[in-house]
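Let's take a walk through this one, starting with how its helices pack and ending at the DNA.

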There are 2 protein chains.
Amino acid sequence: MSPSIELNKAKQCAGSYVLAINDTMNVVSGKWKLPIIGALLFGKKRFKELERNIPKITPRMLSKELRDLEMNGIVTRTVYDSVPVTVEYELTRSGQSLTKVLDVMVEWGLEHRENTVGKAV
Amino acid sequence: MSPSIELNKAKQCAGSYVLAINDTMNVVSGKWKLPIIGALLFGKKRFKELERNIPKITPRMLSKELRDLEMNGIVTRTVYDSVPVTVEYELTRSGQSLTKVLDVMVEWGLEHRENTVGKAV
DNA sequence: GTAACTACTATACCAAAGTATACCGGTATA
DNA sequence: TATACCGGTATACTTTGGTATAGTAGTTAC
């Protein structure tokens, strides 16, 4: 409940620091995980909805990444016994709390662009 | 100078939001960028020092990633006209400010582990 | 003169990540 | 009976990322 205390602990133990960063990296790395998480931030969605919402993704990748995210506790998969069966994907609390990470990423990205105006290429 | 205002602006414009996240992802993704940045957080270092500090990295990858990070404005490369020539790599202000991003990554990683105790595998 | 250090580069290879295309069984609609 | 939607899977391929191994040019120490 007190993240800054946990953070200080972690900083004193390089091992868990690295472990925690790797956990986070596993969730955000790859071409499609962030687009999928981004789509689900607007609410739960079905497979085909996600496929339509995320340009250029193939069902193979969508399926694979959803399984990955489910195993890592980022999304839940719920099968409804309707006809035809519908499957809904939803972010867990952990998944939703990724916005914290994304927010500082946006913040850093913007600052970085400001810091380097005209210097690139 | 007021990051939260910038952040809100970005949230209203999906385009720059995505752009900013991609900028950040480019800097942290890959197997070696974070280890290199991590090593440089303790102060500027020379090529061989980095090579010794980062287990298992090959000079090819170190060279490539340093060039990458330099082009992206994360590290500076300074050649000293000594004998033999020494080359020092140092984090830019942007590079140093990445700690903000890494800190929330650690924080989220730790929280996520707490949220999912015993649930994985 | 030969061994070792500096900061790399070159070539070839290998493995992971991602793409393309097709297909599956089931249900509903026309 | 044919077509289309649902939630995927199968197979094969390409592209990207990373590894392994060797070598470069210059300098210093023995």
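At what angle do the axes of helix α3 (residues 33-40) of chain A and α5(A) cross? They come within 10 Å and cross at roughly 75 degrees, with axes being lines fitted to C-alpha atoms, for helices over the stretch in contact, and angles running from 0 to 180 degrees between N-to-C directions. That makes α3(A) roughly perpendicular to α5(A) (65 to 115 degrees counts as roughly perpendicular).

Before going on, some housekeeping. This is a predicted model, where local features need pLDDT of at least 70, side-chain atom pairs count only at pLDDT 80 or more, and totals for chains, interfaces and linings use all residues. Residues are numbered from 1 along each chain as its sequence is written, chains are lettered from A and ligands numbered from 1 in the order in which they are written, and side-chain values use heavy atoms, leaving out hydrogens and water. Helices (H or I, at least four residues) and strands (E, at least two) are DSSP runs numbered from the N terminus.

Back to that helix pair: A:Lys33, A:Ile36 and A:Ile37 of α3(A) touch α5(A) at A:Leu62, A:Glu65, A:Leu66, A:Asp68 and A:Leu69, contact meaning heavy atoms within 4.5 Å. By class, that's five nonpolar, no polar and three charged residues.

Across the chains, helix α7 (residues 98-115) of chain A meets helix α6 (residues 93-115) of chain B, their axes coming within 9 Å and crossing at roughly 175 degrees. So α7(A) is roughly antiparallel to α6(B) (over 145 degrees). The residues involved include A:Trp108 on one side and B:Trp108 on the other. This contact has 10 nonpolar, four polar and six charged residues.

Chain A also has a hairpin, which joins β2(A) to β3(A) through five residues. Strand β2 (residues 75-80) pairs with β3(A) in the antiparallel sense over six bridges (pairing takes at least two DSSP bridges), and A:Thr76 stands opposite A:Glu90.

Now the DNA. Of the 19 residues around strand D, A:Ser63, A:Arg77, A:Tyr89, B:Lys31 and B:Arg60 come nearest (near means a heavy atom within 4 Å). Sugar and phosphate account for 68% of the strand D atoms within 4 Å of the protein. Here are some polar contacts (N or O pairs within 3.5 Å):

| Protein atom | DNA strand D atom | Distance |
|---|---|---|
| A:Lys48, backbone N or O | phosphate oxygen | 3.3 Å |
| A:Arg60, polar side-chain atom | base oxygen | 3.0 Å |
| A:Val87, backbone N or O | phosphate oxygen | 3.3 Å |

α5(A) gives the most to this surface, with four residues.

Notes: Polar contact = N/O pair within 3.5 Å; in protein donor to acceptor, adjacent residues only side chain to side chain. Parallel < 35°, antiparallel > 145°, perpendicular 65-115°, else oblique. Nonpolar A, V, L, I, M, F, W, Y, C, P; charged D, E, K, R; others polar.
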